[in-house]
Amino acid sequence: MTSGISRRARVLAAAVGTGVLVPLVATATPASAAAPAVTCTSAKAGLAAKLKKDITAALATRKGTVAVGLYDRSTNTTCTLRASSAYDSASIVKVTVLATLLWDAKKTNRYLTDRENTLAKAMITKSDNAATSTLWKQLGMTKIKGFLGAAGMTQTKPGANGYWGLTQITVTDEQKLLKLLTAKNAVLSDNSRAYIIKLMGQVVSSQRWGTPYGVPSGVTVAVKNGWLQRSTNGWRVHSVGAFKGGGHDYVMTVLSHGNSTMNYGIATIQAVAKVIHKDLAAS
């Protein structure tokens with residue numbers, strides 16, 4: 001991104017590495033200036049080109065660094081942008097925590113306890129951090145890494161020392177997880193998949209922003225969002241969602257950092273989500 005960025009911005013960028021909070025977004029050019037291109041493929045004629053054009057346009061004036069993943073089973077459509085770039089997970093990792101809990105329970109052929117059900121519901125529907133920390137500690141690194149291995153989520157690196165929100169995630173791995181949740185597989189039982197999707201469908205209204213934005217009526221929504229502010233790269237704002245109806249069955253991941261505020265990041269994600277829902281509905 002050095003092309004198109006002033007010398008002053010480069011100096012400020014260097015300062016960020018020292019932990020100094022610098023309003024980099026004020027001096028950087030839009031992400032599109034030297035950004036990698038959106039790539040799309042589809043079995044539906046014209047859909048890939050339309051999605052590529054519209055996602056690119058949605059991000060053209062947005063600052064920050066955004067990664068996008070889309071997969072629609074119905075039209076065998078895939079779109080990616082920065083698919084392997086790592087981001088601090090924030091609360092997005094909570095879906096992985098629940099999947100790990102259910103995967104581990106299945107191995108020992110047991111149901112979740114009432115306590116685990118209560119913690120899981122709070123963790124997903126209200127993004128409860130204390131509940132997440134309890135389950136993260138209960139599972140331990142061996143089980144968490146075991147699930148990641150079974151799921152093929154090789155790019156995901158669990159946060160150390162209990163800092164689950166600093167788990168490193170990528171669009172590639174989040175899309176792998178969403179695909180596991182939405183189709184029969186050997187990693188998660190049908191009951192486990194249904195349970196996770198059910199809770200993601202019951203997220204409190206104040207946290208139902210992001211990927212569901214602009215979803216057509218009659219399409220079911222399962223969502224989990226994450227947000228975290230740190231001294232470098234500003235706000236991380238993420239959203240993953242699974243959608244079914246209107247002749248489509250699709251999953252979407254949008255990860256971002258370098259946002260000046262949480263609301264700025266939400267607006268960026270929703271700009272992407274809106275055109276994706278619109279283009280799929282029209283196809």
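A: Contact here means heavy atoms within 4.5 Å of each other. Keep that in mind for packing, and remember that this is a predicted model.

Q: Okay, let's start with a helix. Which elements do the buried residues of α8 pack against?

A: The buried residues of α8 pack against α2, β2, β7 (235-245) and β8. Among the buried ones are Gly265, Ile266, Ile269, Val272, Ala273, Ile276, Asp279 and Leu280. As a general idea, an α-helix has 3.6 residues a turn, so residues three or four places apart point the same way. Try that spacing on the list: Ile269, Val272 and Ile276 are all in it.

Q: What span should the 21 residues of α8 have, at 1.5 Å a residue?

A: They should span 30 Å, and the end C-alpha atoms of α8 are 31 Å apart, which agrees. You can do the check again on helix α3 (residues 93-107): its 15 residues reach 21 Å from first C-alpha to last, close to the 21 Å expected. Just after α3, look for Asn109, which takes a positive phi of about 55°.

Q: How many of the 15 residues of α3 are buried?

A: The count is 13 of the 15, so α3 is largely enclosed by the rest of the structure.

Q: Now the nonpolar core. Which residues have the most contacts inside the largest one?

A: The general idea first: in soluble globular proteins, nonpolar side chains tend to be buried together. In this model the largest nonpolar core has 47 residues, and those with the most contacts inside it are Leu98, Phe147, Leu188, Ile196 and Met200. Elements giving two or more residues to this core include β2, α4 (114-125), α5 (129-151) and α6 (171-182). The largest share, nine residues, comes from α3.

Q: What is Met200 in contact with, leaving aside its neighbours within four places in sequence?

A: Quite a list: among its partners are Val95, Ile124, Leu178, Leu181, Arg208, Val221 and Val240. There's also a second, separate core of 31 residues, which includes Val66, Trp209, Val223 and Phe243.

Q: On to strands. How many bridges pair β2 with strand β8 (residues 248-257), and in what sense?

A: Eight, and the pairing is antiparallel. To find your place in it, take Val68, whose bridge partner in β8 is Val254. β2 also runs antiparallel to β3, with five bridges joining them. There, Gly69 has Thr80 of β3 as its bridge partner.

Q: What sits between the strands in the hairpin of β2 and β3?

A: Four residues lie between the strands, and Asn76 in this hairpin takes a positive phi near 50°.

Q: Is strand β2 (residues 65-72) enclosed or open?

A: Largely enclosed by the rest of the structure, because seven of its eight residues are buried. A general tip for looking at any strand: in a regular strand the side chains alternate between the two faces of the sheet.

Q: Where's the disulfide, and what does it join?

A: It joins Cys40 to Cys79, with the sulfurs 2.1 Å apart. Cys40 lies in strand β1 (residues 39-41) and Cys79 in strand β3 (residues 77-81), so the pair ties together parts that are 39 residues apart in sequence. The structure holds one disulfide, and both of its cysteines, Cys40 and Cys79, are buried. The link is right-handed, with 115° about the S-S bond.

Q: And charges? How many salt bridges does the count come to?

A: Side chains of opposite charge can pair when their charged atoms come close. Here the count comes to nine salt bridges, using a cut-off of 4 Å between nitrogen and oxygen.

Q: Which residues link up with Lys50 in a network of salt bridges?

A: Asp54 and Asp279. For Asp54, the closest N and O atoms are 2.8 Å from each other; Asp54 and Lys50 are four residues apart in helix α2 (residues 47-59), so about one helical turn separates them. For Asp279, the closest N and O atoms come to 4.0 Å. That second pair links distant parts of the chain, with Asp279 in helix α8 (residues 262-282) and Lys50 in helix α2, 229 residues apart.

Q: Is Asp279 buried or exposed?

A: Buried, at a relative accessible area of 5%. Asp54 counts as buried too, at 11%, because the cut-off for buried is under 20%. Lys50 is partly exposed, at 37%.

Notes: Residues are numbered from 1 along each chain as its sequence is written. This is a predicted model: local features need pLDDT of at least 70, side-chain atom pairs count only at pLDDT 80 or more; totals for chains, interfaces and linings use all residues. Side-chain values use heavy atoms; hydrogens and water are left out. A disulfide is a pair of cysteine sulfur atoms within 2.5 Å. Buried means under 20% relative accessible area, exposed over 50%, partly exposed in between (1.4 Å probe, protein chains only). A salt bridge is a side-chain nitrogen of Lys or Arg within 4 Å of a carboxyl oxygen of Asp or Glu. Two strands pair if DSSP finds at least two bridges between them. The expected span of a helix is 1.5 Å times one less than its number of residues. A nonpolar core is a set of buried Ala, Val, Leu, Ile, Met, Phe, Trp, Tyr and Cys residues joined through side-chain atoms within 4.5 Å.
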